[in-house]
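Let's take a walk through this structure together. Have the sequence and the 3D view open side by side, and we will go from one side chain to the next.

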Amino acid sequence: MNAAPPPPAGERMDTGERTDQPQNIAAAIADISERATLLIREEIELAKVEMSEKATKLVKGTVVGLAAGVFFITALLFALVGCAWLLYYYLPIGNAFTYFWGFFAMAVILVLLGVVAGLIAAKVVKKGAPPTPNMAIEEARKIREAVGPAPVPGSPAGQAGAQGASPYAARAEGES
């Protein structure tokens with residue numbers, strides 16, 4: 001029996017197969033593992049940044065909402081003081097003071113400021129709620145699709161993948 005010497009590592013054999021050394025495979029696996037770890041860390045960092053931005057928007061909306069509340073409470077105070085002056089004016093024990101019109105004008109101004117601040121607060125809170133890291137979730141979905149196994153044509157998972165949905169979503173739709 002005449003056995004040919006084994007080909008050098010990484011070269012093709014006559015059968016078309018490629019021989020690799022275990023060190024090259026281990027290095028490739030370690031590289032893939034490092035890159036996957038880096039991707040996960042970057043996704044976590046993206047989620048943290050996105051959550052902090054949304055939390056900041058919620059805090060700003062809350063502060064503006066509190067300002068609107070202060071304007072309305074102050075307007076109520078001025079309206080009540082104006083009503084007191086009005087009552088004093090119409091009661092027979094008073095004289096011709098007309099100071100209440102200033103209080104009513106101030107109450108109207110504060111109500112308008114409260115309405116504007118309330119609308120701004122509602123707009124900011126709607127933008128910030130709910131605080132979910134949408135960008136990080138979308139990136140994780142793209143990574144999962146790129147790294148995941150290719151669906152087999154004709155299988156339920158392959159049909160769901162062709163429609164752009166995950167097999168889990170198709171299973172959840174079938175259950176409900």
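Is R141 buried, partly exposed or exposed? This is a predicted model, and in it R141 has a relative accessibility of 30%. That value makes R141 partly exposed, because the partly exposed class runs from 20% to 50%.

R141 is a good starting point for the charged side chains. R141 forms a salt bridge with E138, where the closest N and O atoms are 2.3 Å apart. Both residues belong to helix α3, which covers residues 134-147, and being three residues apart there, they are separated by about one helical turn. E138 is partly exposed too, at 31% relative accessibility. On its other side in sequence, R141 meets the side chain of E145 in a salt bridge of 2.5 Å, N to O. R141 and E145 are four residues apart in helix α3, again about one turn of the helix. Through these shared partners, E138, R141 and E145 are joined into one network.

How many salt bridges does a search of the whole structure find? The count is three. Besides the two in helix α3 that we have just visited, there is one between the side chains of R35 and D31, at 3.2 Å from N to O. This pair sits in helix α1, four residues apart, so about one helical turn separates R35 from D31. R35 is exposed, with a relative accessible area of 54%, whereas D31 is partly exposed at 32%.

Now step back to the overall fold. The protein chain has five helices and zero strands, giving the pattern α-α-α-α-α along the sequence. Of its 176 residues, 11% are buried. The accessible surface comes to about 13,600 Å², and carbon and sulfur atoms account for 68% of that area. Among contacts between residues at least 6 apart in sequence, 60% join residues at least 24 apart.

One such long-range meeting involves L110, in helix α2. The C-alpha atoms of L110 and A75 are separated by 5.3 Å, although the two residues are 35 apart along the chain. Setting aside neighbours within four places in sequence, L110 is in contact with F71, T74, A75 and F78. L110 is buried, because its relative accessible area of 8% falls under the 20% limit.

Which acidic residue is buried yet has no salt bridge? Look at E50, in helix α1. The nearest side chain of opposite charge belongs to K54, 4.7 Å away, and E50 makes no salt bridge because the limit is 4 Å. Beyond residues up to four places away in sequence, E50 touches T132, P133, N134, M135 and A136.

Finally, turn to the surface. F72, V111, V115 and L119 form a nonpolar patch with about 340 Å² of accessible area together. Helix α2, residues 100-128, gives the largest share of this patch, with three residues. V111 lies in helix α2 and is partly exposed, with a relative accessible area of 35%; V111 can count towards a patch because the cut-off is over 30%. A positive patch is also found on the surface, made of K57, K60, K123 and K127. Helices α1 (22-90) and α2 each give two or more residues to this positive patch. K57, in helix α1, is partly exposed, with a relative accessible area of 39%.

Definitions and conventions
Residues are numbered from 1 along each chain as its sequence is written. This is a predicted model: local features need pLDDT of at least 70, side-chain atom pairs count only at pLDDT 80 or more; totals for chains, interfaces and linings use all residues. Side-chain values use heavy atoms; hydrogens and water are left out. Patches are made of residues with over 30% relative accessible area and no salt bridge: like charges are joined within 9 Å, nonpolar side chains (Val, Leu, Ile, Met, Phe, Trp, Tyr) within 5 Å. Accessible areas come from the Shrake-Rupley method with a 1.4 Å probe; for residues, only the protein chains shown count as cover. Buried means under 20% relative accessible area, exposed over 50%, partly exposed in between (1.4 Å probe, protein chains only). Contact means heavy atoms within 4.5 Å. Lys and Arg count as positive and Asp and Glu as negative; His and the chain ends are not counted. The place of a charge is taken as NZ of Lys, CZ of Arg, CG of Asp or CD of Glu.
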